[in-house]
Amino acid sequence: MCKPGTAEGLIETNDGCINLFPCKVSGAICIQPCSPSFHGETSFVCEDRKWQMLTDDCASLDVQSLFQVSVAGGHLSSVGERNPVHGKPGGGAKYFGADEHGNSNCQADFSCIIPDILSSPAIPGNIADIVELLKKISLLLSENVNRGKMQSYSRIANHILNSSIISNWAFVKDRNASSVLLDSVNLFAGKLLLRNGSESIQEHFISTKGYSIHKNTSGKSFDFSMGFNNTGSITGRVVIPEEELLKLPKTSKAISIAFPTLGAIIETNQLDPGLVNGMVLSVSLPEELRHILLTFEKMNKLENIKAQCVGWHSTERRWDNRACKMKSDNINSVVCVCKHHRRTFKSFSILMSPTMLRNAVLDYITRVGLGLSIFSLVLCLIIETVVWHHVTKTEITYMRHFCLVNIATSLLVADVLFILAAIVHNTALNYQLCVAATFFLHFFYLALFFWMFTLGLLILYGLLLIFFKIARSVFIATAFSIGYGCPLVISILTVAITEPKKGYLRSGVCWLNWYETKALLAFVVPALSIIVVNVVVVVVVVVKTGRSSVGEGCKSQDLSNMIRISKNVALLTPLLGLTWGFGLATIVDSHSLAFHVTFALLNAFQGFFILLFGTLLDRKVLGSP
């Protein structure tokens, strides 16, 4: 009755094991047979000292009998009596629509099995059996798919796509059942025969449309409007562009299938689900047609929800953003350009972007912070220009303010480009303009970090190499090489390597790509490396400051020392870019609003901090006439 079965626990098999055996060992499995009117078993897992249902394989249907009846044309004979569909011997023919003479039209349209299926409860075990039945029909009975066959097939699929039973899919034993269903429907619908050049078959939760197409067609679209729950409906559109239709050598057919609830069902079956935010649209097209336009209405229309266009990879059974590029995104809908491929990408949808936490608070902080930052940086540069001759009389102060001016200039240009890049994206201007904006944005943000790196090296030079003097011309040449030369090389190499493969830009935004080419590493790696170096600089400053008062036992001196150390850290943190280190926290926990708000506050206001700590609190600036 008990046997080893999990990493930490046991498998218990008993008529009532969840009542007989206490849940003590986390991960223990309990398996129970179903009630007498069902076949199969139910498994439970021990979590937090409670038995939680894991899978439910209890079913009242018999998929083998259903399929054999479909093949046999409705005559159950000994098949129905050997494998009764509801576990009840005899009377099999009456469940499959046979008339009093035992005749049926099952071979023509499968209608004989529909009453039994629709009268069965959509429990997890029956869902699995119906998916298996649809798979067998698609593989073995998909010749001459006429309107009648497609209607019956759709009615069967509609029964397990109902929005009211989505939660039952979580307990289906086969985690790939939803993917199998999608592939089966796509295969069967793709063989639909068209009457008079078109066909349309509509159920509540699955809709199939087909058209004859040829190269002289001006462009073809499939429009769907379907309910996805008891209160709402959702729309979707598939458009075959005219330039694609010109590739057709002969008259062909195009089939499209819409599933308003399948996205949510797939979520329940995935270990790492994407949050689907629209209907799933499938297409069956000639091999010559590769690109299509799809419009998805968003289910969740909150302004702060970003979308991601994806295709279902039928081999890897996951959503893949490489299949699509976003053309436009607004609060109501998303337009995607997707690649159609018969063996991999035939179904498409949109996800709520999992890596971009958008919040109204963050947007507000960013807008206000950027405005104040730009104003502060302009004011900083004006003040530096006015007092330049008074604050650069010594070599070390000249070098410090030289770095400060270039830090302020780089951040000012980067902030302005950040706004321009957002405008370019939101107004859907051309691709080349977005590439140019991203290149200069990448360059000036890197320049900001490399000039902060130069300032850090300058501070180490002032602290550790007291008796070593560097000529002003050598410093300027070295500083420009580091501050602008290194960013220029990195920016050019990044665009040269990734842009030929169209992997430079991230989908839907004017910034470096991450998912396909990891171009973003060309910014992240230098930035984080410089932050680490500048943290070391701050530690050296703190140590040197602390040593200056060693041996002074007076408490007032200790307090003064602590204040001086704190002031140095506060002054150096924004100037050396250490606030960007909070970006690491947002990578570790991308869903934490607290980390994102902290990061947005510190970095959006960096220009203000540079004005305050770099210029206004500088004694020489304050003391200048």
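Buried here means under 20% relative accessible area, exposed over 50%, and partly exposed in between, with a 1.4 Å probe and protein chains only. By that yardstick cysteine 23, at 9% relative accessibility, counts as buried.

The model is a predicted one: local features need pLDDT of at least 70, side-chain atom pairs count only at pLDDT 80 or more, and totals for chains, interfaces and linings use all residues. Residues are numbered from 1 along each chain as its sequence is written, and side-chain values use heavy atoms, leaving out hydrogens and water.

As for confidence, pLDDT (the predictor's confidence in each residue, from 0 to 100) has a mean of 79 over the protein chain, and 76% of the residues reach 70 or more. Elements are DSSP runs numbered from the N terminus, with helices (H or I) of at least four residues and strands (E) of at least two. Helix H14 (residues 472-498) has the highest mean pLDDT among them, 95, and helix H3 (residues 77-82) the lowest, 32. Two stretches stay under 50: residues 1-10, with 20 contacts (heavy atoms within 4.5 Å) beyond four places in sequence, and residues 74-104, with 46 such contacts. Where pLDDT is low, the predicted coordinates should not be read in detail.

On to the disulfides, each a pair of cysteine sulfur atoms within 2.5 Å. A search of the whole structure turns up 5. One of them joins cysteine 23 to cysteine 46, with the sulfur atoms 1.8 Å apart; at 100° about the S-S bond, this link is right-handed. The partners sit 23 residues apart, cysteine 23 in the loop between helix H1 (17-20) and strand E3 (29-33) and cysteine 46 in strand E4 (residues 41-47). Cysteine 46 is buried too, at 2% relative accessibility.

Cysteine 34 and cysteine 58 also pair up, their sulfur atoms 1.8 Å apart. Here the torsion about the S-S bond is about -95°, so the disulfide is left-handed. Cysteine 34 lies in the loop between E3 and E4, and cysteine 58 in the loop between strand E5 (50-56) and helix H2 (63-72), so parts 24 residues apart in sequence get tied together. Both cysteines, 34 and 58, are buried.

Further along, cysteine 434 and cysteine 510 form a disulfide with sulfur atoms 1.9 Å apart, left-handed at -130° about the S-S bond. Cysteine 434 belongs to helix H13 (residues 431-464) and cysteine 510 to the loop between H14 and helix H15 (521-547), so this pair ties together parts 76 residues apart in sequence. Cysteine 434 is buried at 9% relative accessibility, and cysteine 510 is buried with a relative accessible area of 4%.
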